[in-house]
Amino acid sequence: MSTYIEGYRKDGTIWIPEFIVSLASEVCIGCGRCFKACTQGVLNLMEEEDEDDDDSRMFMSVVCEGQCIGCKACAAACPKSCFEHAPMEK
Ligand code: SF4
Ligand code: SF4
């Protein structure tokens with residue numbers, strides 16, 4: 001059986017954080033909700049130029065994965081289910 005990195009809630013019960021694994025930037029609509037939800041500076045909005053029609057597309061990117069505390073607030077805020085999270089084995 002795997003053992004995961006774990007913490008404690010205020011009431012003393014065990015809490016197992018689920019850290020960011022991936023962000024499906026091709027599905028992302030660039031709404032920024034996850035950026036506002038993340039308190040750890042893990043995410044940042046990027047702009048991609050479309051050379052064909054002078055247009056651009058905004059999308060979210062993982063810029064500092066190691067800062068993630070595994071709270072999953074980003075996933076809760078995302079309307080497109082872009083995120084994958086998982087507990088981390090010790
Ligand atoms: S799980 Fe929490 S800390 Fe990690 S990227 Fe999402 S909102 Fe930020
Ligand atoms: S909440 Fe979801 S759709 Fe919106 S910017 Fe973040 S990853 Fe993209």
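Colleague: Where in the chain is Ser81 found?

Modeller: Ser81 is found in the loop between α2 and β6, the latter covering residues 83-86; this is a predicted model, and what follows should be read with that in mind.

Colleague: And what is odd about the phi of Ser81?

Modeller: Although Ser81 is not a glycine, its phi is positive, at about 50°.

Colleague: Is Ser81 buried or exposed?

Modeller: Ser81 is exposed, since its relative accessible area comes to 66%, whereas Cys82, which sits in that loop between α2 and β6 as well, is buried with a relative accessible area of 6%.

Colleague: What does Cys82 touch, then?

Modeller: Leaving out residues up to four places away in sequence, Cys82 touches Ser22, Leu23, Ala24, Val27 and Cys28. As for Cys31, its C-alpha lies 12 Å from that of Cys82, with 51 residues separating the two in sequence.

Colleague: With those cysteines about, how many disulfides are there?

Modeller: The count comes to 0 disulfides, taking a pair of sulfur atoms within 2.5 Å as the criterion.

Colleague: Take Cys64: why is there no bond from its sulfur?

Modeller: The closest cysteine sulfur to that of Cys64 belongs to Cys38 and is 9.5 Å away, so the gap is too far for a bond. Cys64 itself counts as partly exposed, with 32% relative accessibility.

Colleague: Switching to the ligands, which residues come nearest to ligand 2?

Modeller: There are 13 residues around ligand 2, and those that come nearest are Cys28, Cys31, Gly32, Cys34 and Cys78. Sorted by class, the shell around ligand 2 holds 9 nonpolar, 2 polar and 2 charged residues. Of the cysteines just named, Cys34 is buried, at a relative accessible area of 8%, and Cys28 is also one of the residues that Cys82 touches.

Colleague: Which residues are around ligand 1?

Modeller: Around ligand 1 one finds Cys38, Gln40, Val42, Cys68, Ile69, Cys71, Lys72, Ala73, Cys74 and His85, and by class this shell has 7 nonpolar, 2 polar and 1 charged residues.

Colleague: What about Lys72, where is its place in the fold?

Modeller: Lys72 lies in the loop between β5, residues 55-62, and α2, residues 73-77. Like Ser81, Lys72 is not a glycine and has a positive phi, in this case of about 65°. Its relative accessibility of 34% means that Lys72 counts as partly exposed.

Colleague: And His85, buried or exposed?

Modeller: His85 is buried, with a relative accessible area of 12%, and its place is in strand β6. Setting aside residues up to four places away in sequence, His85 touches Glu18, Phe19, Ile20, Val21, Lys72, Cys74 and Ala75, and Lys72 and Cys74 from that list also belong to the residues around ligand 1.

Colleague: Which residues of β6 are on its covered face?

Modeller: The covered face of β6 carries Phe83 and His85, while Glu84 and Ala86 are on the uncovered one. That fits the general pattern, because in a regular strand the side chains alternate between the two faces of the sheet.

Colleague: How many bridges join β3 to β6?

Modeller: Strand β3, residues 19-23, is joined to β6 by 4 bridges, and the two strands run antiparallel. Within that pairing, Ser22 has Glu84 of β6 as its bridge partner.

Colleague: What about β4 and β5, how many bridges there?

Modeller: There are 8 bridges between β4, residues 43-50, and β5, again in an antiparallel arrangement, with Asp50 standing opposite Asp55 in β5. The two strands form a hairpin that has 4 residues between them, and in the turn Asp54 has a positive phi of about 60°.

Colleague: Zooming out, in what order do the elements run?

Modeller: Starting from the N terminus, the order is β-β-β-α-β-β-α-β, which amounts to 2 helices and 6 strands.

Colleague: What is the radius of gyration of the chain, next to that of a compact globule?

Modeller: The protein chain has a radius of gyration of 16 Å, where a compact globule of 90 residues would be near 12 Å. The C-alpha trace spans about 55 × 25 × 20 Å along its principal axes, and 24% of the 90 residues count as buried.

Colleague: What share of the contacts join residues at least 24 apart?

Modeller: Among contacts between residues at least 6 apart in sequence, the share that join residues at least 24 apart is 58%.

Conventions. Residues numbered from 1 in each chain as written. Chains lettered and ligands numbered in written order. Predicted model: local features only at pLDDT ≥ 70, side-chain atom pairs only at ≥ 80, totals over all residues. Heavy atoms only, no water. Near = heavy atom within 4 Å. Nonpolar A, V, L, I, M, F, W, Y, C, P; charged D, E, K, R; others polar. Buried < 20%, exposed > 50% of the residue type's maximum accessible area, 1.4 Å probe, protein only. Pairing = 2+ DSSP bridges. Rg over C-alpha atoms; globule rule 2.2 N^0.38 Å. Contact = heavy atoms within 4.5 Å.
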